[in-house]
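Welcome! Please take a moment to look over the sequence and the model, and then we can walk through them together.

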Amino acid sequence: MTDGKIAYILYGIENQAEIHYAMAVKNNLYDALEYAVLQYFISIIQTHPNCY
């Protein structure tokens, strides 16, 4: 994100006090969603090559 002069970066941090065994499932879900969004944008770029 930028305003033309400065680029802004948003960071998110998650902390846990105890071991939670579902954390691996949650991380895998985040990775899968990120991959799905990436594939979606790649398909848009491939079907509309003159837009970018």
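Let us start with a ring. F41 counts as partly exposed, because its relative accessibility is 45%. What does F41 form with Y40? Together, Y40 and F41 form an aromatic pair of the edge-to-face kind, with 5.6 Å from centre to centre and 65° between the planes. The structure holds 1 aromatic pair. As for the partner, Y40 has a relative accessible area of 52%, so Y40 is exposed. Keep in mind, as you look at these rings, that this is a predicted model.

Now step back to the whole chain. The protein has 1 helix and 0 strands. Helix 1 covers residues 23–47, and L33 lies in it. How far does the C-alpha trace span along its principal axes? The spans are about 50 × 30 × 5 Å. The radius of gyration tells its own part of the story: the protein has 17 Å, while a compact globule of 52 residues would have a value near 10 Å.

What share of the 52 residues is buried? Buried residues make up 0% of them. To read that figure, it helps to know that a residue counts as buried when its relative accessible area is under 20%. The protein exposes about 5,400 Å², and carbon and sulfur atoms supply 63% of that area.

Part of the surface deserves a closer look. L29, Y30 and L33 make a nonpolar surface patch of about 300 Å². Within this group, L33 has a relative accessible area of 49%, so L33 is classed as partly exposed. A residue needs over 30% relative accessible area to belong to a patch, and the 49% of L33 satisfies that part of the rule.

Next, follow the charges. How many salt bridges does a search of the whole structure find? The search finds 1 salt bridge. This salt bridge is formed by E14 and K26, whose closest N and O atoms are 2.1 Å apart. The two residues sit 12 residues apart and link distant parts of the chain: E14 belongs to the segment before helix 1, and K26 to helix 1. Their surroundings can be described too. E14 is exposed because its relative accessibility is 52%, whereas K26 has a relative accessible area of 25% and is therefore partly exposed.

Finally, let us visit the segment before helix 1, where G4 lies. G4 has a relative accessible area of 67%, so G4 is exposed. Between the C-alpha atoms of G4 and M23 there are 38 Å, and these residues are 19 apart along the chain. Y8 also has its place in the segment before helix 1. Is Y8 exposed or partly exposed? Y8 is partly exposed, because its relative accessible area is 41%. From the C-alpha atom of Y8 to that of S43 the separation is 27 Å, with their positions 35 residues apart along the chain.

To gather the picture: the protein has 1 helix and 0 strands, and buried residues make up 0% of its 52 residues. E14 and K26 form a salt bridge, Y40 and F41 form an aromatic pair, and L29, Y30 and L33 make a nonpolar surface patch.

Note on methods
Residues numbered from 1 in each chain as written. Predicted model: local features only at pLDDT ≥ 70, side-chain atom pairs only at ≥ 80, totals over all residues. Heavy atoms only, no water. Patch = residues over 30% accessible without salt bridge, like charges linked within 9 Å, V, L, I, M, F, W, Y side chains within 5 Å. Areas by Shrake-Rupley, 256 points an atom, 1.4 Å probe, with all protein chains shown as cover. Salt bridge = Lys/Arg side-chain N within 4 Å of Asp/Glu carboxyl O. Helix = DSSP H or I, 4+ residues; strand = E, 2+ residues; numbered from the N terminus. Buried < 20%, exposed > 50% of the residue type's maximum accessible area, 1.4 Å probe, protein only. Phe/Tyr/Trp six-rings, centres within 6.5 Å; stacked < 30°, edge-to-face > 60°. Rg over C-alpha atoms; globule rule 2.2 N^0.38 Å.
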